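Trainee: I'd love a close look at the part around the ligand. Could you walk me through it, starting with the whole protein?

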Amino acid sequence: MTQQRNDQKLTRRGFVAGVGAAAAAIVGPTVLDAAPAGAETLNGAAVQPGPPLPDSLQLNEIQGNILGGFNKDYQALLFVTFGQQARARQWLSQLTPKLTTSATVAAYQQALVAGTAKPVTWVNVAVSAAGMTALGVDPTQYQEFPLDFREGMAARASIVGDVGPNAPAKWAAPFRKRLHAVVIIGADKAADRDAAVAAQRTLAGTYGVVIEFVQNGAVRADDPGHEHFGFRDGISQPGVRGFTQPVDPVNNPNQGIPGQDLLWPGEFVIGYPRQGGVGAGTNPGPRANSGPAWALNGAYLVFRRLAQDVDGFRRFMKKAADDQGISVDLMGAKVVGRYRSGAPLETTGNQAVDPGIADPSLVSDAKVNDFEFGEDPDGTTVPLAAHIRKTYPRDEPTADGGEEDTQTHRIMRRGIPYGTSLPRNAPSPSAPPSFPNDRGLLFLCYQSSIARQFEFVQRRWVNDPNFPRAGAGHDPVMSQVDGPRFFSVPGTRTGHVELMSRFVTTTGGDYFFQPSITAVGLLAAGTTTPPRPPATTTAPPKGR
Ligand code: N7H
């Protein structure tokens with residue numbers, strides 16, 4: 001790949017931030033006083049007891065991939081286990097000055113808009129619960145982490161539906177043991193990514209840290225911005241108050257690009273106000289306070305290595321479209337809720353040919369996310385179980401209170417494909433490729449509560465055929481259940497599609513915590529536990 005090609009790629013929108021997020025994110029002021037009139041500021045939020053809490057987003061403290069995605073075309077995830085504790089801490093201490101902050105990512109995004117961005121390589125680190133123990137975190141503080149994080153993904157298999165072929169016992173070998181940390185590398189050039197991985201290997205080797213597995217990810221060269229099934233991904237992300245600039249602050253102060261609702265930052269970063277929930281309107285709720293005091297400015301990271309059976313998916317789509325008497329393009333849009341171009345089915349309506357190809361304005365910032373499902377209560381246009389409707393039901397009424405509750409279950413996705421593309425018209429392989437030669441999605445998402453966000457979405461919405469209403473069906477893309485799955489598509493020939501066993505299989509994953517820059521330093525120094533105050537001795541009574 002030539003230098004020129006790579007430099008040019010800096011100007012186009014990459015995979016992760018997506019259409020709207022790239023334009024709307026990160027150019028705003030970081031002080032939450034800039035929140036729209038009528039909304040309370042951080043100072044006005046209900047404050048929990050604890051250490052002093054920030055009044056504005058501390059972008060120099062928050063690692064880089066959380067609020068603004070790395071959004072790099074070449075990424076690598078290095079999964080490590082620690083050896084001797086003191087040396088693991090030294091490793092972390094050497095890593096600390098190399099970490100990329102949200103401030104750096106924000107500045108870069110501004111440079112991207114200005115056309116002055118140069119290729120960069122970024123690094124983040126996140127630690128699992130096992131890693132916290134290996135680093136010597138005090139047991140009392142360890143217990144302050146939530147149970148979901150402490151147990152880790154494999155132990156929560158029955159909750160998220162990692163059963164049968166998805167079961168942890170069947171995961172790829174590197175993920176069948178508890179990993180201690182993941183180093184996330186993002187680069188604009190493959191060579192830079194590879195050089196950063198090599199440097200990490202040297203650093204790890206110096207301190208007895210074992211790199212158990214390096215997982216590369218990359219934007220697909222043949223179909224940039226699209227995941228392996230062929231759909232444009234990374235389009236819809238929550239906006240963050242104090243971070244995402246409203247495009248129209250006067251008329252639409254509570255959204256970034258049209259349709260991108262701004263959420264309180266505590267939904268993603270510890271220490272800040274969360275959504276207020278049902279009845280709160282745009283007012284903030286309590287601060288996210290899960291974890292020990294030094295969890296401030298950190299976030300929980302879910303990583304899933306999801307293999308995709310592209311050939312099986314394509315064959316299934318052809319058959320389902322034929323059975324239902326609709327085109328493959330439309331069947332794809334029914335399954336995902338968007339056409340392959342990203343054009344939203346809810347606004348385009350049923351069309352035999354992907355309308356986003358002839359009319360790119362449908363995927364412009366102004367239109368790509370500007371829709372709700374309330375006008376389509378029976379799923380006649382977008383089926384109730386279409387992937388984007390299951391994973392973010394927008395204004396759909398729910399048993400938990402509708403949209404205001406739904407906004408407490410959002411996730412910040414940072415996924416990227418891995419593996420080589422399956423060319424169109426490639427002959428069907430006898431079996432889907434297996435690890436490590438498979439292809440799929442490195443699914444990463446950030447949140448302030450894994451149970452309330454990722455696990456809730458997967459368990460209560462995606463895997464439940466009766467959400468949002470009886471008979472809606474399973475999310476046809478990535479529901480994980482033991483037993484037959486189905487998908488209701490009102491308005492087609494039978495309205496009912498039996499899903500083949502699966503197109504997406506979990507091949508590994510874990511839960512991590514991505515601490516603030518200061519907290520990484522505390523972990524490295526072994527000083528997450530503040531020294532005990534000197535014992536107060538009561539003076540013995542006089543005369544004895
Ligand atoms: Fe999904 N896909 O290609 O079909 N996803 N997803 N996802 N996903 C989305 O709006 C896909 C997975 C969400 O705000 C799009 O960015 C695939 C998991 C959420 O409107 C496409 C896999 C979880 C949204 C895909 C996969 C989610 C979303 C449309 C696995 C969480 C945003 C583009 C291999 C549990 C919904 C876009 C919104 C969008 C696909 C996994 C969640 C095309 C192939 C595991 C919240």
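Trainee: First, what percentage of the contacts in the protein with a separation of 6 or more comes from residues 24 or more positions apart?

Mentor: That figure is 74%, where a contact means heavy atoms within 4.5 Å. Before we zoom in, keep in mind that this is a predicted model: local features need pLDDT of at least 70 and side-chain atom pairs count only at pLDDT 80 or more, while totals for chains, interfaces and linings use all residues. Residues are numbered from 1 along each chain as its sequence is written, and side-chain values use heavy atoms, with hydrogens and water left out.

The protein has 18 helices and 15 strands, which are DSSP runs numbered from the N terminus (H or I, at least four residues, for helices; E, at least two, for strands). Of its 544 residues, 59% are buried, that is, under 20% relative accessible area with a 1.4 Å probe and protein chains only.

Now for the ligand. It has 26 residues around it, each with a heavy atom within 4 Å. Ile235, Ser236, His387, Arg394 and Arg413 come nearest. The side chain of Ser236 has an N or O atom 2.5 Å from an oxygen atom of the ligand, and for the side chain of Arg413 that distance is 2.6 Å. Gly234 joins in through its backbone, with an N or O atom 3.2 Å from a ligand oxygen.

Who builds this shell? Strand 9 (299-308), helix 15, strand 12 (440-447) and helix 17 (451-462) each bring at least two residues, and helix 15 gives the most, with three.

Follow helix 15 onward and you reach Arg394, in the loop between helix 15 and helix 16 (403-406). Its phi is positive, about 55 degrees, though it isn't a glycine. Most residues other than glycine have a negative phi, and most peptide bonds are trans. Arg394 also counts as buried, at 3% relative accessibility.

Strand 12 and helix 17 have odd neighbours too. The loop between strand 11 (416-418) and strand 12 holds Pro436, joined to Phe435 by a cis peptide bond with omega about 0 degrees. Pro468 sits in the loop between helix 17 and strand 13, and the bond from Phe467 to Pro468 is cis as well, with omega near 0 degrees.

Finally, helix 15 (387-391) is one of the elements that the buried residues of helix 12 pack against. Helix 12 (328-336) is mostly covered, with seven of its nine residues buried, among them Leu330 and Met331. Just after helix 12, Gly337 has a positive phi of about 100 degrees.

Conventions:
Buried means under 20% relative accessible area, exposed over 50%, partly exposed in between (1.4 Å probe, protein chains only). A polar contact is a pair of N or O atoms within 3.5 Å; within protein, one must be able to donate a hydrogen and the other to accept it, and residues adjacent in sequence count only if both atoms are side-chain atoms.
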